[in-house]
Amino acid sequence: MIQLVFPEGKRKAFTVSYDDGVKQDERLLRLMNQYKIKGTFNLNAGLLGKKEHAIIDGFDTDVTRFNKEEIAVMYQGQEVAAHALTHSKLTDISVQTVTYQILEDRRSLEELVNGFVLGFAYPFGLYDDIVIQSLKSCGIEYARTVDRSGSFQLPDDFYKWHPTCHHNDSDLLQLVEKFIRQDKLFGSPQLFYLWGHSYEFDQRNNWDVIEKVFAFLSQYHDDIWMATNGEICNYVNQFKLLKFSTKGDWILNPTAYKIWLLADNCVHSIQPGQKLIIN
Ligand SMILES: [Zn+2]
């Protein structure tokens, strides 16, 4: 049996996803860089630089956004993804406005980071088939919901990418421990996907919780692929492009990426454009 494994033959991956591009991201990014955690930040290009306080979940919250000029430096080494130009409820507006919200956000962010923007997080977690179709037309490759899966499975559909949990979920630490305890040798690859807003750490004064999670997971760097959302989506999509002979004993990697796989309990890797022969 051929099974996907992550780069370097790892069986587990960890990623985070934080929304809205607020100033509190700076503290989160410091922790991520300290513990070598990778993730994705979902920004609204039309709201950059906006100074604002709002009552969110009953807390008076500073939701001031970074300025345009700060984006490239601030998020260096992490992924920037789109989150709709002005954080609109995409299920409540016309198709052409949905497309504008996605495409103009994507275009502006690409200009700011001088690179591809291929990911998306649904504002307010709202989506439907029209929104998904529009994301595809705009060249977006994956989109995150706010629906907790509580599981470590890779998504069946990258346009309905459900996170494992939110950082305020009461069982966060139990889930992290369960993820570490999972058997390394058998079963499908495991992904722990954590999401939230960094201003929520200020609201509840619980920055220690996220640091605890990062510090704990960072002990397992040899077993866990720390990756951005986009790196994970791309790797899985490239894996799906492998070509197999009828008997499954020849495998061609037609992609531009090195790909790892598990065959009969042995980890193999295939260089771009190369063929693997399994005896
Ligand atoms: Zn948001």
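**Two domains and their cores**

Across the interface of domain 1 and domain 2, one residue pair, with both members at pLDDT 80 or more, is found in polar contact, that is, a pair of N or O atoms within 3.5 Å in which, within protein, one must be able to donate a hydrogen and the other to accept it, residues adjacent in sequence counting only if both atoms are side-chain atoms. By class, the side of domain 1 that touches domain 2 has three nonpolar, two polar and one charged residues. The model is predicted, with local features needing pLDDT of at least 70 and side-chain atom pairs pLDDT 80 or more, while totals for chains, interfaces and linings use all residues. Residues are numbered from 1 along each chain as its sequence is written, and side-chain values use heavy atoms, without hydrogens and water.

Domain 1 spans 11-238 and domain 2 spans 242-277, bounds that come from an automatic or database domain assignment. Their centres, taken over C-alpha atoms, are separated by 31 Å. Six residues of domain 1 are in contact with eight residues of domain 2, contact meaning heavy atoms within 4.5 Å.

Turning to the interior, the largest nonpolar core has 52 residues, of which Phe 14, Phe 120, Phe 192 and Phe 214 touch the most other members; such a core is a set of buried Ala, Val, Leu, Ile, Met, Phe, Trp, Tyr and Cys residues joined through side-chain atoms within 4.5 Å, where buried means under 20% relative accessible area with a 1.4 Å probe, protein chains only. Another core, of 29 residues, lies apart from it and includes Val 5 and Ala 263.

Key. Ala, Val, Leu, Ile, Met, Phe, Trp, Tyr, Cys and Pro count as nonpolar, Asp, Glu, Lys and Arg as charged, and the others, Gly among them, as polar. Buried means under 20% relative accessible area, exposed over 50%, partly exposed in between (1.4 Å probe, protein chains only).
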